[in-house]
Amino acid sequence: MKMNQTASHTLDKSDVRHKRFEARVRYIKDSYVLWRRNHLMMIGTFIILFLIIVAILAPLLATHDPYDQILSDRLSPPSLAYYFGTDSLGRDLYSRIVYGARVTLTIAFLVAFISMPIGTVIGVTAGWFGGAIDEILMRLSDVFLAFPRLILAIAFAAALGPGVENAIIAIAVANWPSYARLARAETLSVKNNDYIQVIRMLGASNLRIMVGHITPMCMSSIIVRMSLDMGTIILTAAGLGFLGLGAQPPMPEWGLMVSDGRQFLVDQWWVSTLPGFAILIVVMGFNLLGDGIRDILDPHQRQS
Amino acid sequence: MVQYLARRLVTLTITLIGIMVITFFIALVVPLDPLAAIAGPQAPQETVERLRKLYGFDQPVYVQFGRYLYRLAHGDLGTSFQTGRPVLEDILHFFPATLELATLALAIAILVGIPLGVLSAVYRNSPLDHFSRVLSLVGVSMPVFWLGLVLMLIFYFKLGWLPEPGRLDIMLIDPPRVTGMLLIDAVIAGDGEVFWDGIRHMILPATVLGLFGLAGIARIVRSSMLDVLSQEYIKTARIKGLNEFLVLTRHALRNALVPTVTIIGLTYGGLLEGSVLTETIFSWPGLGRYLAQAFLTLDLNAVVGGTMLVALTFSLVNLAVDLLYAFLNPKITYTE
């Protein structure tokens with residue numbers, strides 16, 4: 001009798017596994033179809049893939065050392081020798097923009113991967129325990145949300161001292177509350193579901209329920225928010241760099257490069273406009289991708 | 001409604017206390033000794049010590065915080081290291097210029113954004129719709145400071161259609177300061193030339209500042225109009241033979257505006273952020289540029305005071321938006 005039960009149990013399990021596998025494959029296939037249908041999202045995906053490839057292959061793609069100053073060729077216009085021209089210190093702008101892809105991606109991913117887990121933990125904790133804990137944590141996030149994001153980031157960046165590391169911390173500090181809000185809302189919506197109650201009755205600890213059963217349910221909306229946030233993070237970082245409060249010279253950060261070229265705007269337009277154009281394209285890529293991901297993960301869209 | 005308002009006021013008070021703690025914390029994390037910076041590198045230790053005593057930096061943190069709250073309660077934000085004047089006075093001096101610019105920017109954003117969003121939804125998938133969607137996408141993806149530089153390059157340096165950065169031509173004399181807002185002061189002084197020149201100076205910075213908001217507003221109006229237009233009651237209104245313009249404005253737009261109100265509140269925050277960058281580029285003598293300078297030179301009192309006032313206004317605007325939202329959408333108050 002007992003053996004029988006175990007046998008049927010294992011059989012069930014492999015069956016469940018197989019079904020789960022099939023469902024996942026179907027999900028990925030559906031997602032691909034939706035992706036192919038959404039041309040704007042395809043453009044966004046290609047822009048971001050291109051950015052990642054440029055960042056990885058920067059040493060191969062660059063024609064010059066991004067820090068190398070060739071003073072005799074300073075401020076030369078775009079040509080075959082210097083695809084995008086040179087800046088006021090005779091550095092090759094094309095190579096600097098190529099290496100700038102690394103800086104931008106690093107900042108965006110670090111900020112996202114610092115602020116997202118912090119926000120999620122705070123949000124899930126607030127939503128799960130409720131009561132006083134919820135009240136305290138949410139009022140805390142309200143306080144951070146009371147500042148316009150860029151202003152809070154600038155204030156922290158200025159206080160911590162200029163530099164790209166401090167800029168990353170400053171932007172992350174300004175960024176976590178939106179994840180906390182979202183994770184809390186998602187937690188509240190799944191918290192009272194029957195299956196959570198069953199797991200609870202089976203004696204699972206708070207930590208186990210929060211980590212194993214609630215957080216995964218929050219992930220899809222958190223991922224959507226994260227992809228939509230990437231553009232804002234890049235714009236904030238570039239703004240800090242432009243004001244002189246983020247990355248410091250001679251780092252090839254795009255915002256800083258725009259600011260460097262300001263005084264040569266009239267006669268050497270390329271020095272400041274080209275790095276800014278790179279920012280525009282990349283932010284647009286992330287926005288298109290983020291919108292697309294939101295549509296793909298939206299269950300209403302999937303049914304059609 | 002009263003209950004809702006009371007709850008909002010309680011949370012607002014908590015938020016305000018939090019804002020004070022955070023701004024104080026900002027001043028606390030400064031690793032450099034700002035006093036050494038003002039005193040100059042050659043200053044003897046003695047001078048620095050005297051300054052420390054003068055500004056109260058020699059006291060323990062909780063005493064400093066207590067003093068900070070005490071000073072705030074008396075409307076004293078300390079003295080700016082840069083200008084040597086009280087920070088509050090500085091802020092009041094620079095604020096009208098920013099308010100004037102931001103109001104014009106918001107006006108552009110709303111007056112262009114709402115019609116664009118409505119037309120985009122009504123003529124869905126038409127060339128106009130595509131144009132407006134591209135504009136929204138570019139608008140939210142554009143680095144403000146870069147757009148400012150490019151427009152300046154085209155319209156000032158290349159075409160010469162618009163005047164140089166700044167608030168007024170150097171040959172013109174500022175009208176007597178009444179409100180601090182140039183256009184209004186020019187009207188009061190009856191000075192047509194200054195008024196016209198002031199407007200020409202404002203076009204570029206206001207456009208740059210307004211574009212971000214315009215993009216967000218057009219986007220949300222489009223999507224909420226599309227939602228509303230597919231509702232049954234719109235069909236009913238059309239079937240009963242109502243004029244299409246009335247259907248759109250009185251029946252559809254009114255409901256579509258509810259989510260838009262929230263976006264306008266957020267846009268206001270965007271304007272405050274954008275003014276720091278825009279004013280820096282266009283040499284606009286407003287609060288944004290003052291703050292940027294304060295941040296760069298680590299003018300601590302100005303940083304703390306300025307950040308706090310920005311957060312304060314932003315919170316009040318958000319409160320106003322929430323109340324307006326509750327007013328426009330009675331369902332919220334009934335379920336409260």
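## Two chains in contact

In this predicted model, 36 residues of chain A are in contact with 39 residues of chain B. On chain A, at least two residues of the touching side come from each of these elements: helix 5 (131–145), helix 6 (149–160), helix 9 and helix 11 (270–297). Sorted by class, that side of chain A holds 25 nonpolar residues, eight polar ones and three charged ones.

Chain B has 14 helices and zero strands. Read from the N terminus, its order of elements is therefore α-α-α-α-α-α-α-α-α-α-α-α-α-α, each α standing for a helix as defined by DSSP runs. Its C-alpha atoms fill a box of roughly 85 × 55 × 40 Å along the principal axes. Chain B has 336 residues, and 37% of them are buried. Among the contacts in chain B with a separation of 6 or more, 72% join residues 24 or more positions apart.

Next comes the nonpolar core. Which residues touch the most other members of the largest nonpolar core? They are A:Ala153, A:Ile154, A:Ile171 and A:Ile234, in a core of 152 residues. For A:Ile171, the contacts beyond its neighbours within four places in sequence are A:Val111, A:Ala153, A:Ile233, A:Thr236 and A:Ala237. A:Ala153 thus appears both among the core residues named above and among the contacts of A:Ile171. In soluble globular proteins, nonpolar side chains tend to be buried together.

Some details of the backbone lie in loops. In chain A, the peptide bond from A:Pro249 to A:Pro250 is cis, and its omega is near 5°. A:Pro250 is found in the loop between helix 9 (206–243) and helix 10 (254–260) of chain A.

In chain B, two residues that are not glycine have a positive phi, as the table shows.

| Residue | Phi | Loop in chain B |
|---|---|---|
| B:Asn125 | near 65° | between helix 5 (87–122) and helix 6 (127–141) |
| B:Leu298 | about 55° | between helix 12 (287–297) and helix 13 (300–328) |

Is B:Asn125 buried or exposed? B:Asn125 has 9 other C-beta atoms within 10 Å, so it is exposed, because the limit for an exposed residue is 12 or fewer. B:Leu298 has 19 other C-beta atoms within 10 Å and is therefore partly exposed, because a buried residue needs 20 or more.

Note on methods
Residues numbered from 1 in each chain as written. Chains lettered and ligands numbered in written order. Predicted model: local features only at pLDDT ≥ 70, side-chain atom pairs only at ≥ 80, totals over all residues. Helix = DSSP H or I, 4+ residues; strand = E, 2+ residues; numbered from the N terminus. Contact = placed C-beta atoms within 7 Å. Core = buried A, V, L, I, M, F, W, Y, C linked by C-beta atoms within 7 Å. Nonpolar A, V, L, I, M, F, W, Y, C, P; charged D, E, K, R; others polar.
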